[in-house]
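Biologist: Could you take me on a close look at one part of this model, the strands and the loops that link them? I would enjoy a connected account rather than a list.

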Amino acid sequence: LTYDGQVYAFGSNNYGQLGLLDLNPRGTPTLIDLRQDGAKAISVACGSYHSVVLLETGQVLTFGQFLKGQLGRDGSSV
């Protein structure tokens with residue numbers, strides 16, 4: 001998370017936990033396109049196979065494995 005509210009991710013991405021809309025691992029920090037009309041991220045939390053981003057608008061974005069409810073939503077989309 002940068003000072004200006006951008007989020008970069010890197011590492012394993014087997015479950016889409018990087019929020020990059022694919023399952024490819026990243027060896028270097030890669031900008032996540034939050035697609036929220038310019039909303040800035042204010043907090044990030046990460047688990048082994050999932051990530052959560054809180055936007056300044058109060059919206060929560062989740063990415064990754066969902067099998068134990070860790071994304072807080074229904075469905076299997078990455």
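Modeller: Happy to; what follows goes through the sheet, then the pocket, then the other strand pair with its loop and the segment before it. One thing to keep in mind throughout is that this is a predicted model.

Let us start with the sheet. Three strands make an open sheet in the order 3-4-5, and the pairing is antiparallel. Strand 3 and strand 5 (60–64) are at its edges with a single partner strand each, so each has one side without a neighbour in the sheet. From one strand to the next, the twist averages 15°.

Now take the two pairings in turn. Between strand 3 and strand 4 there are five bridges, in the antiparallel sense. If you want to find the register on your screen, look for Ser43, which stands opposite Leu54 in strand 4, and for Ala45, whose bridge partner in strand 4 is Val52. The link between these two strands is a hairpin of three residues.

On the other side of the pairing scheme, strand 4 and strand 5 are also antiparallel, joined over five bridges. Here Ser51 stands opposite Phe63 in strand 5. These two strands form a hairpin as well, with four residues between them, and Gly58 in the turn has a positive phi of about 95°.

Thr57 is worth a pause, since its place is in the loop between strand 4 and strand 5. With a relative accessible area of 56%, Thr57 is exposed, because the cut-off for that class is over 50%. Its side chain reaches the backbone nitrogen of Gln59 at 3.4 Å. Thr57 can also be placed against Ile42: the two are 15 residues apart in sequence, while their C-alpha atoms are 9.4 Å apart in space.

Next comes the pocket, where Ser51 turns up again. The second largest pocket holds about 160 Å³ of space. Its lining has 15 residues, and the closest to its centre are Ala9, Gln17, Leu18, Cys46 and Ser51. Strand 1, strand 3 (41–46) and strand 4 (50–55) are the elements that give two or more residues to that lining. In character, the lining residues divide into 10 nonpolar and five polar, with no charged ones.

Ala9 takes us on to the other strand pair. Strand 1 (residues 8–11) and strand 2 run antiparallel, with three bridges joining them. Within that pair, Ala9 stands opposite Thr30 in strand 2. As for strand 2 (residues 26–31), the number buried among its six residues is zero, so this strand lies largely in the open.

Two residues of the loop that links this pair make a good contrast. Asn13 lies in the loop between strand 1 and strand 2. Is Asn13 buried or exposed? At 0% relative accessibility, Asn13 counts as buried, because that class takes in values under 20%. The side chain of Asn13 reaches the backbone oxygen of Asp22, at 2.8 Å. Leu21 has its place in the loop between strand 1 and strand 2 too, but with a relative accessible area of 61% Leu21 is exposed. For a conformational check, note that Leu21 has a positive phi of about 65° although it is not a glycine.

Finally, step back to the segment before strand 1, which is the place of Asp4. Asp4 counts as partly exposed, at 44% relative accessibility. A polar contact of 2.3 Å joins the side chains of Asp4 and Thr2. You can also set Asp4 against Leu31: they are 27 residues apart in sequence and 13 Å apart in space, C-alpha to C-alpha.

To put the picture together, the sheet has the strand order 3-4-5, and strand 1 and strand 2 run antiparallel to each other. The second largest pocket draws two or more lining residues from each of strand 1, strand 3 and strand 4. Ala9 and Ser51 are good places to begin browsing, being among the residues closest to the centre of that pocket.

Notes: Residues numbered from 1 in each chain as written. Predicted model: local features only at pLDDT ≥ 70, side-chain atom pairs only at ≥ 80, totals over all residues. Heavy atoms only, no water. Buried < 20%, exposed > 50% of the residue type's maximum accessible area, 1.4 Å probe, protein only. Pairing = 2+ DSSP bridges. 1 Å grid on protein atoms, 1.4 Å probe; cavity = no way out; pocket = protein on both sides within 12 Å on 5 of 7 lines; lining within 4 Å. Points joined across faces, edges and corners; volume = space filled by probe spheres on them. Nonpolar A, V, L, I, M, F, W, Y, C, P; charged D, E, K, R; others polar. Polar contact = N/O pair within 3.5 Å; in protein donor to acceptor, adjacent residues only side chain to side chain. Axes fitted to C-alpha atoms, helices over the stretch in contact; angles between N-to-C directions.
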